Every structure is written in structure tokens, then in C-alpha cells.
Amino acid sequence: MVDQSAVGRQFPPVVAQVEPGRLRYFCNTLGESNPVYRDAGAAQAAGYAALPVPPTYLFCLEMMDAPDPFAFLTALDIDLARVLHGEQRFTYHAPVVVGDTLTFMPRITGVTDKKGGAMTLIVVEAEVTNQHGVHVADTARTIVVRNVVTS
């Protein structure tokens, strides 16, 4: 069972490239048809330097480029089979566009037991900076861990 001692724990940074092919695949998968995410001319007309990413793309990008996307589960001795994705949040401070190299700095910011210890909610936040050192976004995801409760 994960306890409060995990709060503040940091994990290795994840460096990810915002590539046009992966962005196109993501948009196709979601059925995202907004031309701003697909057409460089539309993106530039909307004020972007290049194709921007849709709001939820950072979640996938961090997972795709992490050497081990579940390293924090291993570090906390959590069985992946007991994990559910609870929620995710994104706060953007600057545009993220094709061509950017992003660095995610993940850390645990919350651990809460629920249902008399039957589940634990773990919040993992990441500060995201681009290749120029600009803080472009903050991400947060809540992981739900089903605990084995013994009587």
C-alpha cells in the first residue's frame, strides 16, 4: 500500500519530440478534424508558429517517449493489474507545437486512501518545459490503485 511518504518523490525526466506523424496519428485516432491541428497554413493563420498539439496530447506523448512508462508503479511496488486511470488535467502556459522538444519532470504530489483503504488515489504531476527552457505546461494524472484488503 502506498502511503504519504511517496509525496514529493520525483522520477527521471522524460524527453519527447513533438513530431508531425505522431500528431497526425493522434488526431486521426480521436477523429480530430480541426484544421489548426492538421494544416500548417491554418495553424499560422491562427497565430501558431507551427501545428499546435490538442490539449490531451501531452499525456500520450509523455507515455510514448518514457523508457518505462510505468516506472513509478514499479518504484512504488504497485501491480499494474490493480491500476485504473482516474483523471487527467492540463494547464498550458505557452503553445506546444510540432518541432518542440519537451522535458517532463514527473513527481508524486498526492496520496489519498478511499473506501476504508480499499483504494488509493495517487496524483502524479509533471512540469513541462520546451527546448528553450520555457515552462509550457503542467500535467496531472490521478491513478486509482485497488488495494487488497485483508480482514
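Does glutamate 62 count as buried or exposed, and at what relative accessibility? Glutamate 62 counts as buried, because its relative accessibility is 6%, and buried means under 20%. The model is predicted. The protein has four helices and five strands, and glutamate 62 sits in helix 3. The points below cover the overall build, helices 3 and 1, two further residues, and the empty space.

**Overall build**

- From the N terminus, the order of elements is β-α-α-α-α-β-β-β-β.
- The C-alpha trace spans about 60 × 30 × 25 Å along its principal axes.
- The protein has 151 residues, and 38% of them count as buried.
- Among contacts with a separation of 6 or more, 68% join residues 24 or more positions apart.
- The accessible surface is about 8200 Å², and carbon and sulfur atoms account for 54% of that surface.

**Helix 3 and glutamate 62**

- Helix 3 covers residues 57-65.
- The buried residues of helix 3 are Tyr57, Leu58, Leu61 and Glu62. Viewed down the axis of helix 3, these buried residues fall within an arc of 130 degrees, so they line one face of the helix.
- In an α-helix there are 3.6 residues a turn, so residues three or four places apart point the same way.
- Three of the strands against which the buried residues of helix 3 pack are strand 1 (14-17), strand 3 (101-114) and strand 4 (119-129). Strand 2, strand 5 and helix 1 (20-30) are also packing partners of these residues.
- Beyond its neighbours within four places in sequence, glutamate 62 is in contact with Val14, Phe104, Pro106, Ala126, Thr139 and Arg141.

**Helix 1**

- Leu23, Phe26 and Cys27 are the buried residues of helix 1. Around the axis they cover an arc of only 95 degrees, which puts them on the same side of helix 1.
- The buried residues of helix 1 pack against helix 3.
- Tyr25 and Thr29 are exposed, and they are carried on the face of helix 1 turned away from its buried side.
- Glycine 31, just after helix 1, takes a positive phi of about 75 degrees.

**Valine 14**

- Valine 14 belongs to strand 1 and counts as buried because its relative accessibility is 6%.
- Apart from residues up to four places away in sequence, valine 14 touches Glu62, Asp65, Ala66, Leu102, Thr103 and Phe104.
- Between valine 14 and leucine 61 there are 9.5 Å in space, C-alpha to C-alpha, and the two are 47 residues apart in sequence.

**Arginine 82**

- Arginine 82 is in the loop between helix 4 and strand 2.
- Leaving out residues up to four places away in sequence, arginine 82 touches Asp77, Val144, Val145, Arg146, Asn147 and Val148.
- Arginine 82 and methionine 119 lie 37 residues apart in sequence, with 9.5 Å between their C-alpha atoms.

**Cavity**

- One cavity of 30 Å³ or more is found in a search of the whole structure. The largest cavity has a volume of about 30 Å³.
- The lining of the largest cavity consists of Phe59, Glu62, Gln88, Phe90, Val124, Thr139, Ala140 and Arg141. Helix 3, strand 2 (83-92) and strand 5 (135-146) are the elements that give two or more residues to this lining.
- Strand 5 contributes the most to the lining of the largest cavity, with three residues.
- By class, the lining of the largest cavity has four nonpolar, two polar and two charged residues.
- Glutamate 62 thus appears both in the lining of the largest cavity and among the buried residues of helix 3.

**Pocket**

- The largest pocket holds about 210 Å³ of space. It is lined by 15 residues, of which Pro12, Val14, Ala66, Asp68 and Ala71 are the closest to its centre.
- Helix 3 and helix 4 (71-75) are the elements that give two or more residues to the lining of the largest pocket.
- The lining of the largest pocket has 12 nonpolar residues, three charged residues and no polar ones.
- Val14, one of the residues closest to the centre of the largest pocket, is in contact with Ala66, which is also listed among those closest to the centre.

Key:
Residues are numbered from 1 along each chain as its sequence is written. This is a predicted model: local features need pLDDT of at least 70, side-chain atom pairs count only at pLDDT 80 or more; totals for chains, interfaces and linings use all residues. Side-chain values use heavy atoms; hydrogens and water are left out. On a 1 Å grid over the protein atoms alone, a cavity is a set of points where a 1.4 Å probe fits but cannot get out, and a pocket is an open set with protein on both sides within 12 Å along at least five of seven lines; lining residues have an atom within 4 Å of a point. Grid points are joined across faces, edges and corners, and a volume is the space filled by probe spheres set on the points. Ala, Val, Leu, Ile, Met, Phe, Trp, Tyr, Cys and Pro count as nonpolar, Asp, Glu, Lys and Arg as charged, and the others, Gly among them, as polar. Buried means under 20% relative accessible area, exposed over 50%, partly exposed in between (1.4 Å probe, protein chains only). The arc is that of the directions from the helix axis to the C-beta atoms. Contact means heavy atoms within 4.5 Å. Accessible areas come from the Shrake-Rupley method with a 1.4 Å probe; for residues, only the protein chains shown count as cover.
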